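Biologist: I have a new model open and would like to learn how to read it feature by feature. Could you take me through it, starting with how the elements are named?

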Amino acid sequence: RALRNTAWLSQYLANRFMEKFIKLLNTQVLIGDGTGENMLGIIPQATDYATAQAGYVDTIPSGESTLIDAIIAMKAQLYDTANVMANACFVSPATHYLLTVQKTTTREYAYDQVLAQVDSNGIWRINGLMLIISKDVPDGDALIGLITPNVLQLLFNGGIDMATTQSHASNFIASLVAFRFEADVLFPVYRPYAFITGTLATVQD
């Protein structure tokens, strides 16, 4: 009873649960497989980059292609095939590092001063796409898409509910208290074709 009525303990548990819940939610939103209680994430619904897409292969001189070229090619194909102009690109920390240290090639970009934008934290925007770093995206892959309310939404039906009990016989005998946290969340992706995913090295080739 004391545990259930101690405000600071309840607040501490609620904060700790929220931290873990957000981490789980990030995973579900990106890579959830949709089975059972799992959400169906963006990556499983995204279109695979078509390496044989006309106009996006064999267009860069050998030895001059970069990972930045691959991201631009994915953005171009998404607009060409699905009429979607993407505004975000999800990459892993390792991929973000590779993009940040990407060296200049012999071929100059058109308007190279603004094509890739960097600050003290590394590269953060490529060809109008904001780079979003997530450990849930496989190294070397990129997820490109349009993040707007008419494409996807994260809906909470109420907040996070915390309940406690010691009424179970074994808990009562052992003087244990069980805590239960619940949240009702819906993640509809209205336009799954607004996303494209691919391995940058494959797209680059």
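Modeller: Gladly! Helices here are DSSP runs of H or I with at least four residues, strands are runs of E with at least two, and both are numbered from the N terminus. Lys-75, for instance, has its place in helix H3. Please keep in mind that this is a predicted model.

Biologist: How many helices and strands does the chain have?

Modeller: The secondary structure comes to 7 helices and 11 strands. The chain has 205 residues, of which 34% count as buried. Its accessible surface is about 12200 Å², and carbon and sulfur atoms contribute 56% of that. Among contacts with a separation of 6 or more, 75% are between residues 24 or more positions apart.

Biologist: Now to charges. How many salt bridges does a search of the whole structure find?

Modeller: The general idea is that side chains of opposite charge can pair when their charged atoms come close. The cut-off is 4 Å between a side-chain nitrogen of Lys or Arg and a carboxyl oxygen of Asp or Glu. In this structure the search finds 1 salt bridge. Arg-16 forms it with Glu-19, and their closest N and O atoms are 3.1 Å apart.

Biologist: Why are Arg-16 and Glu-19 separated by about one helical turn?

Modeller: In general, an α-helix has 3.6 residues a turn, so residues three or four places apart point the same way. Arg-16 and Glu-19 are about one turn apart because they are 3 residues apart in helix H1, residues 7-31. Arg-16 is partly exposed, with a relative accessible area of 33%.

Biologist: Back to Lys-75: which side chain of opposite charge is nearest to Lys-75?

Modeller: That is Asp-69, 13 Å away; Lys-75 is buried and has no salt bridge. Beyond its neighbours within four places in sequence, Lys-75 is in contact with Met-85, Ala-86, Asn-127, Gly-128, Leu-129 and Ile-144. Arg-191 is also buried without a salt bridge, and there the nearest side chain of opposite charge is Asp-80, 14 Å away. Arg-191 sits in the loop between strand S10 (185-186) and strand S11 (195-199). Leaving out residues up to four places away in sequence, Arg-191 touches Val-84, Leu-146, Asn-150 and Val-151.

Biologist: Asn-127 was among the contacts of Lys-75. What is the phi of Asn-127?

Modeller: Here is the general idea: most residues other than glycine have a negative phi. Asn-127 has a positive value, near 50°. Asn-127 lies in the loop between S4 and S5 and counts as partly exposed at 27% relative accessibility. Asn-83 has a positive phi too, near 60°. Asn-83 belongs to the loop between H3 and S2, and with a relative accessible area of 57% Asn-83 is exposed.

Biologist: Let's look at helix H4. Which residues of H4 are buried?

Modeller: The cut-off for buried is under 20% relative accessible area. In H4, Thr-95, His-96 and Leu-99 are buried. They lie on the same side of H4, because they cover an arc of only 105° around the axis. The buried residues of H4 pack against several elements, including helix H3 (67-82), strand S4 (122-126) and helix H7 (200-204).

Biologist: And which residues form a nonpolar patch on the surface?

Modeller: Tyr-97, Leu-98 and Val-101 do, with about 280 Å² of accessible area together. Leu-98 lies in H4, residues 93-100, and is partly exposed at a relative accessible area of 42%. Val-101 is in the loop between H4 and helix H5 (112-115), and at 31% Val-101 is partly exposed as well. The C-alpha atoms of Val-101 and Gly-122 are 8.4 Å apart, with their positions 21 residues apart along the chain.

Biologist: One last stop, then: is Met-39 buried or exposed?

Modeller: Met-39 is buried, with a relative accessible area of 15%. Its place is in the loop between H1 and helix H2 (42-45). Met-39 and Leu-186 are 147 residues apart in sequence, while their C-alpha atoms are 7.9 Å apart in space. Not counting neighbours within four places in sequence, the contacts of Met-39 include Leu-25, Gln-28, Val-185, Leu-186 and Phe-187.

Methods:
Residues are numbered from 1 along each chain as its sequence is written. This is a predicted model: local features need pLDDT of at least 70, side-chain atom pairs count only at pLDDT 80 or more; totals for chains, interfaces and linings use all residues. Side-chain values use heavy atoms; hydrogens and water are left out. Patches are made of residues with over 30% relative accessible area and no salt bridge: like charges are joined within 9 Å, nonpolar side chains (Val, Leu, Ile, Met, Phe, Trp, Tyr) within 5 Å. Accessible areas come from the Shrake-Rupley method with a 1.4 Å probe; for residues, only the protein chains shown count as cover. Buried means under 20% relative accessible area, exposed over 50%, partly exposed in between (1.4 Å probe, protein chains only). The arc is that of the directions from the helix axis to the C-beta atoms. Contact means heavy atoms within 4.5 Å. Lys and Arg count as positive and Asp and Glu as negative; His and the chain ends are not counted.
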